[in-house]
Amino acid sequence: MSSFVIEGGYKLSGEITPQGAKNEALEVICAILLTSEKVTIHNIPDILDVNNLIQLLRDMNVKVEHPSADTYTFQADDIDLDYLKTDDFLRKSASLRGSVMIVGPLVARFGKAMIPKPGGDKIGRRRLDTHFVGIQKLGACFSYDAEHQLYEIEARRLKGAYMLLDEASVTGTANILMAAVLAEGVTTIYNAACEPYLQQLSAMLNRMGARISGVGSNLLTIEGVESLGGTEHRILPDMIEVGSFIGMAAMTGSDITIKNTGYDKLGIIPESFRRLGIQVEQQGDDIYVPTHDSYEIDTFIDGSIMTIADAPWPGLTPDLLSVFLVVATQAVGSVLIHQKMFESRLFFVDKLIDMGAQIILCDPHRATVIGLGNRFKLRAATMVSPDIRAGIALLIAAMSAEGTSRIHNIDQIDRGYQNIDKRLNNIGARITRL
């Protein structure tokens, strides 16, 4: 198990560029299965989850080329469907939650798919009902082998349908959308997720010949087509990295510029940091965060305690709640962090409490942070990263703490952040990988 050793108390200075968006990468890479023609994708992040998905496609006999650092070409013209029945496929796909998004493309194009019950972060129950019910409405039949925890999906020909999703699931919407583009007739998806990742996937599919309208809204209409062609696509900068760097700069009292942020696609992320008293200055497509000697949490208009909560887009992404929570520990004032979507994602706060943070965990979904500003610095600690987003929050805490901290199980962090230790060391951090 790899670890980080972090010497806290060092300020950062200079420029840092976010990687390509992990969540978008997983969606658009699965979408290459919808065509036999070549698809080129740029700005693919070099992270564990994405690399594992690309290897899974190679094992399925997809032709994969890697002509430059962040560019891949894919051609799925000779898929080995028998590989889906192997123990190797079941083992690899079970460890990668994003692999569930191969179901829509495979059923739409080949009429069958198999997928084990996926793993991923231990952040609470993450059911797949939205994915499966939506694809069932298009005419697919599902069966579940409880002994092997394996789903088998078959469909002679998918047909368009109207559906109202029970939740605005990002990956669920993506999976259904990819199935619907090759279904016969018209599909209407209401309460669809509309995150920038979905907008990017829809734009890519439309360039491939799909007919998707309502992009960017929660009502998608898809006119099915017979086949899709190749295309070229560029992935957006990762908004979660952008937010992580903003919080990191504020908490360490640093002066940094975040380059090429895709600012127009960040939604309310910059404004949410401003609510914590952090200066976030837009400079073209860059963000400049000046040195903060201190920052003070805002209140609501009537003076009541600020609440920061996640919500479906255009609300605040749940993937940044861990960062907001840790950044608030060194602010002046109090804030309620309400994590609505995952009931185990706040359980890492006990590690912050051990470091000296003043946090009351109200229940699995809510934590009240009493920010003490510069009066009390966090103490160094030895910790274990429970998931990707808590891992980066703990790293931020360790970088601002007095003394030397250790974070174990950093494979979790590597799943979402590309060479994060090297990139941060380049702007002044002191992080050693063991």
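## Two asparagines with positive phi

Is N61 buried, partly exposed or exposed? With a relative accessible area of 36%, N61 is partly exposed, since the buried class stops at under 20% and the exposed class begins at over 50%. Keep in mind as you look around that this is a predicted model.

N61 is worth a look for its backbone too. Its phi is positive, about 80°, although N61 is not a glycine. You'll find N61 in the loop that runs between α2 (48-59) and β4 (63-68). Another asparagine to look up is N409: its phi is near 60°, again a positive value in a residue other than glycine. N409 also sits in a loop, this one between β22 (404-408) and α13 (411-414).

## The β17-β18-β20-β19 sheet

Now for a sheet. Four strands line up in the order β17-β18-β20-β19, making an open sheet with mixed pairing. The edges are taken by β17 (306-309) and β19 (359-363); each has a single partner strand, so one side of each is left without a neighbour in the sheet. Going from one strand to the next, the twist averages 20°.

The mixed pairing shows up when you go through the strand pairs. β17 and β18 run parallel, joined by 4 bridges, and across that pair I308 stands opposite I337 in β18. On the other hand, β18 (residues 332-338) and β20 (residues 366-372) run antiparallel, with 7 bridges between them. If you want a landmark there, take V335, whose bridge partner in β20 is V369.

## One covered face, one helix, one cis bond

Which residues of β17 are on its covered face, and which on the uncovered one? M306 and I308 make up the covered face, while T307 and A309 make up the uncovered one. So I308 has two roles to keep track of: it belongs to the covered face of β17 and stands opposite I337 in β18.

Helix α10 (residues 321-328) lies across β17, β18, β19 and β20. Its direction is at about 155° to that of β18. On the way from β17 to α10 the chain passes through a loop that holds P314. The peptide bond joining W313 and P314 is cis, with omega at about 15°.

## Strands β6, β7 and β8

Strand β8 (residues 150-154) pairs with both β6 and β7. With β6 (residues 112-116), the pairing is antiparallel over 5 bridges, and I115 has Y151 of β8 as its bridge partner. With β7 (residues 141-145), the pairing is again antiparallel, over 5 bridges. Here D145 has L150 of β8 as its bridge partner.

β7 and β8 form a hairpin with 4 residues between the strands. In that hairpin, Q149 takes a positive phi near 50°.

## Helix α8, start to finish

How far apart are the end C-alpha atoms of α8? They are 18 Å apart, and that agrees with what you'd expect: at 1.5 Å a residue, the 13 residues of this helix (residues 239-251) should span 18 Å. As for its surroundings, 13 of the 13 residues are buried, so α8 is largely enclosed by the rest of the structure.

Both ends have a detail to check. At the start of α8, a side-chain oxygen of D238 comes to within 2.8 Å of the backbone nitrogen of I240. Just after α8 comes G253, with a positive phi of about 65°.

## Q200 and its contacts

Q200 belongs to helix α7 (residues 196-207). Is Q200 buried or exposed? Its relative accessibility is 15%, so Q200 counts as buried, the cut-off being under 20%.

What does Q200 touch, leaving aside residues up to four places away in sequence? The list is E24, H233, R234, I235 and L236. With E24, the side chains make a polar contact at 3.0 Å.

## Cysteines

How many disulfides turn up in a search of the whole structure? The count is 0. Two cysteines show contrasting surroundings: C30 counts as buried because its relative accessibility is 0%, whereas C141 is exposed, with a relative accessible area of 53%.

Notes
Residues numbered from 1 in each chain as written. Predicted model: local features only at pLDDT ≥ 70, side-chain atom pairs only at ≥ 80, totals over all residues. Heavy atoms only, no water. Expected span 1.5 Å × (residues − 1). Buried < 20%, exposed > 50% of the residue type's maximum accessible area, 1.4 Å probe, protein only. Polar contact = N/O pair within 3.5 Å; in protein donor to acceptor, adjacent residues only side chain to side chain. Disulfide = S-S within 2.5 Å. Pairing = 2+ DSSP bridges. Axes fitted to C-alpha atoms, helices over the stretch in contact; angles between N-to-C directions. Contact = heavy atoms within 4.5 Å.
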